[in-house]
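Visitor: I am new to this structure and would like a close look at a single part, the sheet of one chain. Please take me through its strands and what packs on them.

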There are 4 protein chains.
Amino acid sequence: MNEPHTVLDKGWVQLEEMMGGDEAVIRGARICYQSTSSSSDADERLIRRLIRSEPKHNTVFEHAVFRFSVKCPIFVARQWLRHRIGTFNERSLRYCIAKREYYVPAERENLDAYQKHMERSFDLYQRLLEAGWRREQARGVLGTSVYTEFIWTVNAWSLMNWLSKRYHKSAQWEHRQYADAILGIFKEAMPITAAAFEEYVLKS
Amino acid sequence: MNEPHTVLDKGWVQLEEMMGGDEAVIRGARICYQSTSSSSDADERLIRRLIRSEPKHNTVFEHAVFRFSVKCPIFVARQWLRHRIGTFNERSLRYCIAKREYYVPAERENLDAYQKHMERSFDLYQRLLEAGWRREQARGVLGTSVYTEFIWTVNAWSLMNWLSKRYHKSAQWEHRQYADAILGIFKEAMPITAAAFEEYVLKS
Amino acid sequence: MNEPHTVLDKGWVQLEEMMGGDEAVIRGARICYQSTSSSSDADERLIRRLIRSEPKHNTVFEHAVFRFSVKCPIFVARQWLRHRIGTFNERSLRYCIAKREYYVPAERENLDAYQKHMERSFDLYQRLLEAGWRREQARGVLGTSVYTEFIWTVNAWSLMNWLSKRYHKSAQWEHRQYADAILGIFKEAMPITAAAFEEYVLKS
Amino acid sequence: MNEPHTVLDKGWVQLEEMMGGDEAVIRGARICYQSTSSSSDADERLIRRLIRSEPKHNTVFEHAVFRFSVKCPIFVARQWLRHRIGTFNERSLRYCIAKREYYVPAERENLDAYQKHMERSFDLYQRLLEAGWRREQARGVLGTSVYTEFIWTVNAWSLMNWLSKRYHKSAQWEHRQYADAILGIFKEAMPITAAAFEEYVLKS
């Protein structure tokens with residue numbers, strides 16, 4: 001569960017730390033009703049009802065929290081960081097020098113021209129730095145297929161919201177690969193919640 | 001650190017779970033600069049600089065997350081739940097029957113009349129329930145000195161913001177007692193961050 | 001639309017100001033696609049599709065913003081202020097003296113005892129203040145059926161989320177009366193969005 | 001106030017709509033204390049005290065809301081969209097074809113090589129589209145100095161937080177130009193709040 005999972009040609013996601021899990025959902029729900037768990041079966045039924053029922057019971061899922069480490073192309077990161085409920089810290093190209101790593105799609109026309117161009121971007125980037133351009137300005141020549149890295153702390157409710165958007169068939173294919181990897185981790189980390197979410201939300 | 005801490009006459013706070021801590025702040029900060037920790041001294045200096053410097057670096061502190069369990073008077077809870085960055089689940093008086101527990105301030109004029117009145121509130125509450133009033137309506141006779149319980153999941157940045165408001169000398173005395181107890185827990189849980197916060201924010 | 005609407009026996013809601021409306025939703029949606037409105041029919045179809053389709057397009061609805069003024073029992077306000085996306089400012093009983101105004105439900109057993117008790121609460125409150133209790137402490141004897149006032153600034157997406165919870169048949173009856181009044185205002189203020197929301201969300 | 005303000009070589013900011021202003025701050029503050037404005041002088045002193053005093057009174061400033069339209073390089077937008085309290089809708093390069101518009105810094109070594117490279121990026125982008133690459137993938141060759149457009153709805157408190165970070169001397173020069181333009185608009189739109197903010201926050 002905590003190993004890095006490879007995504008695309010050079011990216012990955014990794015679960016660094018978590019708290020709560022399915023137990024925290026139960027904790028949040030039971031305090032409202034001042035009830036106690038009679039059995040793990042009752043707990044499972046409770047979580048499934050909380051996922052399924054309208055209106056939504058978002059808060060109880062917010063007591064479970066994850067921190068992921070991610071490496072992905074900038075164009076994926078740009079969509080990802082739009083999700084406002086959660087915390088990101090990303091490698092800064094104001095302070096760091098960009099690594100020569102960019103996404104190369106699978107076999108497709110003009111792939112050679114694409115790769116040559118990306119290499120030339122890095123050559124120019126290097127040249128501008130040597131000529132005294134500031135890093136924050138020189139980076140402007142690097143395309144958004146360049147890889148970036150960030151960590152993401154997110155609660156289970158916000159994670160499910162992200163999944164419902166990025167695992168969706170309308171999402172960009174490259175982003176879906178990350179959603180797929182994180183869904184796999186989520187299923188190991190919170191098996192009851194994730195199963196109910198898959199059944200009642202993702203598949204509906 | 002994880003034991004219940006008594007607050008006021010019948011209340012308490014308890015740290016139920018946490019993730020991250022000072023290490024998560026370092027993790028968040030180092031990824032931006034792609035730097036590595038040279039020593040624990042360097043880490044401490046980094047955290048102190050992040051707390052002190054303007055503009056604020058809030059995100060790196062959001063990777064540390066706590067879940068507290070709290071019992072306090074409703075009038076304290078009403079202020080507390082105004083803090084929007086974080087998650088609360090509170091015992092519901094729509095679903096649960098209120099317990100006969102209310103806050104009694106220390107020695108002061110008319111304390112007898114106060115206590116008699118609070119007892120009569122619960123007598124009437126009971127009578128209304130027996131007469132078929134719904135719980136959610138009958139609760140209207142219970143004063144806000146009645147105790148409530150909730151759990152609170154909150155990141156370290158939002159916690160410090162809460163402390164800066166509720167530990168402040170302008171805060172309600174009863175609320176300050178909770179801030180004082182939680183500050184004590186925070187100092188055990190994140191010693192470097194909490195020390196810097198006390199020095200540069202609380203005392204300034 | 002901007003008049004006060006009476007709710008319960010002594011409460012009200014009032015729209016004080018708004019910006020955006022249906023036009024702001026269109027503005028938000030069209031910039032994504034760099035498209036222009038061909039007709040008001042096309043705009044209406046676009047909004048209806050945005051409300052209906054999965055995954056949700058919340059951001060475009062956040063450009064429409066409302067400020068309401070509300071007077072309601074504290075037990076209603078306690079639920080209302082749990083909604084975190086938006087801004088509340090409430091009359092403070094730390095600084096103001098409570099007005100002798102409390103909610104009286106419609107005909108029901110023991111109503112006399114209820115009213116007598118509420119009156120006695122205010123008598124005691126007055127006596128405690130005269131004996132030198134601080135306002136913030138004396139308020140502890142006042143039940144949550146006492147009326148409070150607040151203003152609420154909220155965007156249309158968060159408002160619809162609130163409506164989906166508080167207009168729901170599982171919501172407390174007293175709170176639903178407020179949801180009903182605000183739904184009426186919403187339908188005048190954003191006719192296309194509100195109609196689509198009613199059809200695809202509230203009624204489903 | 002509502003005209004477009006040119007920023008950098010091809011960018012701009014424009015205030016599209018607003019609500020509230022200084023009056024809304026007064027409205028929010030006065031409801032807490034149930035006080036009434038005695039004079040515009042008293043109102044001005046109140047706002048100045050709210051900006052200056054600790055702990056911060058953020059909520060009262062959240063009743064003033066702005067919608068801006070912005071055109072800026074992607075590397076500026078990437079920093080800007082990190083600000084989570086507020087709403088963005090950006091032109092999507094999944095759905096729209098990128099315009100051949102990129103930021104050119106003022107006179108500096110290698111500017112010719114820079115411009116030639118950016119032009120070649122667009123040539124290749126065009127070629128990839130013609131070869132059947134999806135827009136969302138072909139955009140990967142375009143550098144982050146390419147211009148993008150978005151609208152931003154933000155309340156005055158969050159706007160001041162953004163200004164305190166992006167108008168700061170440590171901010172990227174290009175981003176500061178946008179902060180400077182928006183500060184100018186803010187001063188026209190909320191003269192009392194903006195003056196107090198400049199005096200007590202920006203200059204301290």
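Guide: Two strands count as paired if DSSP finds at least two bridges between them. The model is a predicted one. In chain D, five strands form an open sheet in the order 1-2-3-5-4, and their pairing is antiparallel. The edges are taken by strand 1 (5-7) and strand 4 (87-90) of chain D; each has a single partner strand, so one side of each is left without a neighbour in the sheet. Ignoring direction, neighbouring strands of this sheet are turned by 20° against each other on average.

At one edge, strand 4 of chain D runs antiparallel to strand 5 (residues 147-155) of chain D, and four bridges join the two. Within this stretch, D:F88 stands opposite D:W152, a residue of strand 5 of chain D. Another chain takes part here: helix 1 (residues 22-33) of chain C packs on the sheet and touches strand 4 and strand 5 of chain D. The direction of helix 1 of chain C makes about 160° with that of strand 5 of chain D.

A helix of chain D itself also belongs in this picture. Helix 8 (residues 173-189) of chain D lies across strand 1, strand 2 (11-19) and strand 3 (65-73) of chain D. Helix 8 of chain D runs at about 30° to strand 2 of chain D. To sum up, strand 4 and strand 5 of chain D are touched by helix 1 of chain C, while helix 8 of chain D lies across strands 1, 2 and 3 of chain D.

Note on methods:
Residues are numbered from 1 along each chain as its sequence is written. Chains are lettered from A and ligands numbered from 1 in the order in which they are written. This is a predicted model: local features need pLDDT of at least 70, side-chain atom pairs count only at pLDDT 80 or more; totals for chains, interfaces and linings use all residues. Axes are lines fitted to C-alpha atoms, for helices over the stretch in contact, and angles run from 0 to 180 degrees between N-to-C directions. Two residues are in contact if their C-beta atoms, placed from the backbone, lie within 7 Å.
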